[in-house]
Amino acid sequence: MARKARSIFLCQSCGYRSGKWLGRCPDCGEWNSFVEEIETTSLHDAGDVPSANRAVCLGEVEDSQHTERLHTGFGELDRVLGGGLYPGSVILLAGEPGIGKSTLMLQVAAWLEAHGVPVLYVSGEESLGQLKSRASRLRPEAAKVVALAETRLPDVLAHLQALSPRVAIVDSIQSLYHPDLNGAPGNVAQLRECAGQLFRLAKEKAITLILIGHVTKEGLAAGPRLLEHLVDATLYFEGNVQQHRIIRAHKNRFGPSGELAVFEMGDGGLRQIADLSSLFLSPPAQFSPGTAVVCAYEGTRPLVVEVQALVNRTAYGPPQRTASGFDQRRLALILAILQRFAGLDFGLRDVFLKIAGGLTLRDPALDLGVAMAIFSSLSAQPLSHDEVFLGELGLGGEIRAVPFLEARLKDIEKRGFRQVYLPAGNFAALSQRKWGSLLLSPVEKVSQLIVSTEST
Ligand code: TYD
Ligand code: MG
């Protein structure tokens, strides 16, 4: 039966349907809740069609041989994905304009093509000529990538049907539009419809689909976030464009989330950086008051990083608390704990905090290092560049145990640090007390460390 499409407006709050856009839902009273959607008449019959799927016992499910991962040519990207692209999965790669999404995907496409994996690169933003000139800056295999410059969704779908590539890259999802919807490309309705239809076709034909999405500083929520629930994995480019390009998996059905990889943009495209810790540490001679070394656990591996604090007398107005790469509220909490339990006064002081290299870290194990960096800046006493601080701060000023301690210690030891301050609870539970020449100093309360550092 021919599918005849018309667009309707649906209240996102209660599901009320309307033929035209309404500012307020007459049913539930919600304002601005109508979104245009495509209604396909054949959908009404969907209930009568027997499903090809059948309910089975999980033990009977065949282990699919097709779960062999597709490598991308970047070991680091493979790791973020959980061992490569999972065949048939749908991945969202999002980031600010200019950060390197198209470059990375063209490099991946070139590598796949060179390894016998048919790829279709759908470019809705750049002409084939632009794509070609980009490819000429990359490795020669990039010239073999099959590309299509198209923004009309039904045409994109038709090409996918006809070519049946194993991997399809859509650059970008915001540039596509469905002619049955009135809205401009990139609006909520278009985004959902285009992503939804691509998703269904990809699953039906077992095409690994990579959707590129733009994120602007303001538009996080309205953009690709909308598609997060639909896709199997979301990778975000973090950091700013000047520094290293950091890719992190926010959601991953086929691997760990939180995993990150770092790239550098050069003349021949993006280059991966495998040894990260050296990136985020400064040479001993540049180690100044306010700097502390911490060990975060990101995804499946430890990462030794510097945090820097700057505490100044407030010149005017209310004291400022500014954190970059670290949660602002957590910073406020650490200051309150230091004030109450270590007797430090931040009443008339501005506090700035920064994680090295444009990284954003959420690991609570950073708390102790952040507290020490702040204390070091306040007291103008440098910490030692060969000490690492590990521990979460509790509201009573106590240092709480952190997960993955042994993996962190192993990495810290490997990098030649001399001493680690760690939660007493973790220390008591350690399977081995000796980690090379690493000196382990258990700490119970933050006040302990601040007093002892002050006296040295
Ligand atoms: P691009 O991949 O176009 O970003 P996005 O798709 O996320 O918007 O990256 C664009 C930047 O990368 C642009 O400023 C040019 C630069 N670039 C290089 O420095 N070297 C290269 O080899 C390539 C292809 C791009
Ligand atoms: Mg691009």
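**Exercise 1. Determine whether Glu 36 is buried or exposed, and describe its surroundings.**

Solution. Glu 36 has a relative accessible area of 8% and is therefore buried, a class that means under 20% relative accessible area, whereas exposed means over 50% and partly exposed lies in between (1.4 Å probe, protein chains only). The model is a predicted one, in which local features need pLDDT of at least 70 and side-chain atom pairs count only at pLDDT 80 or more, while totals for chains, interfaces and linings use all residues. Residues are numbered from 1 along each chain as its sequence is written, chains are lettered from A and ligands numbered from 1 in the order in which they are written, and side-chain values use heavy atoms, with hydrogens and water left out.

Next, place the residue: Glu 36 belongs to strand 3 (residues 34–40), where strands (E, at least two residues) and helices (H or I, at least four) are DSSP runs numbered from the N terminus. Then examine the side chain of Glu 36, which makes a polar contact with the side chain of Ser 7 at 2.8 Å and reaches the backbone nitrogen of Gly 183 at 3.4 Å. A polar contact is a pair of N or O atoms within 3.5 Å; within protein, one must be able to donate a hydrogen and the other to accept it, and residues adjacent in sequence count only if both atoms are side-chain atoms. Finally, leaving aside neighbours within four places in sequence, the residues in contact with Glu 36 (heavy atoms within 4.5 Å) include Ile 8, Phe 9, Asp 180 and Ala 189.

**Exercise 2. Explain why strand 4 (residues 90–95) is described as largely enclosed, and identify its partners.**

Solution. Begin with burial: 6 of the 6 residues of strand 4 are buried, so the strand is largely enclosed by the rest of the structure. In a regular strand the side chains alternate between the two faces of the sheet. Accordingly, take the two sides in turn: Val 90, Leu 92 and Ala 94 are buried on one side, and Ile 91, Leu 93 and Gly 95 are buried on the other.

Now turn to the pairing, which requires that DSSP find at least two bridges between two strands. Strand 4 runs parallel to strand 8 (residues 208–214), to which 6 bridges join it, and parallel to strand 9 (residues 233–238), with 4 bridges. Ile 91 illustrates both pairings, since its bridge partner is Ile 210 in strand 8 and Ala 233 in strand 9.

**Exercise 3. Describe the shell of residues around ligand 1.**

Solution. Of the 15 residues around the ligand, Gly 98, Ser 102, Thr 103, Gly 266 and Asp 267 come nearest, a residue being near if one of its heavy atoms lies within 4 Å. An oxygen atom of ligand 1 lies 2.7 Å from a polar side-chain atom of Ser 102, and an oxygen atom of ligand 1 is 2.6 Å from an N or O atom in the side chain of Thr 103. A polar backbone atom of Gly 266 is 2.6 Å from a nitrogen atom of the ligand.

For the elements, helix 2 (101–114) and strand 11 (260–266) each give two or more residues to the shell, and helix 2 gives the most, with 3 residues.

**Exercise 4. Locate the cis peptide bond in the chain.**

Solution. The bond joins Asp 171 and Ser 172, with omega about 0 degrees. Ser 172 is placed in the loop between strand 7 (167–171) and helix 5 (188–205).
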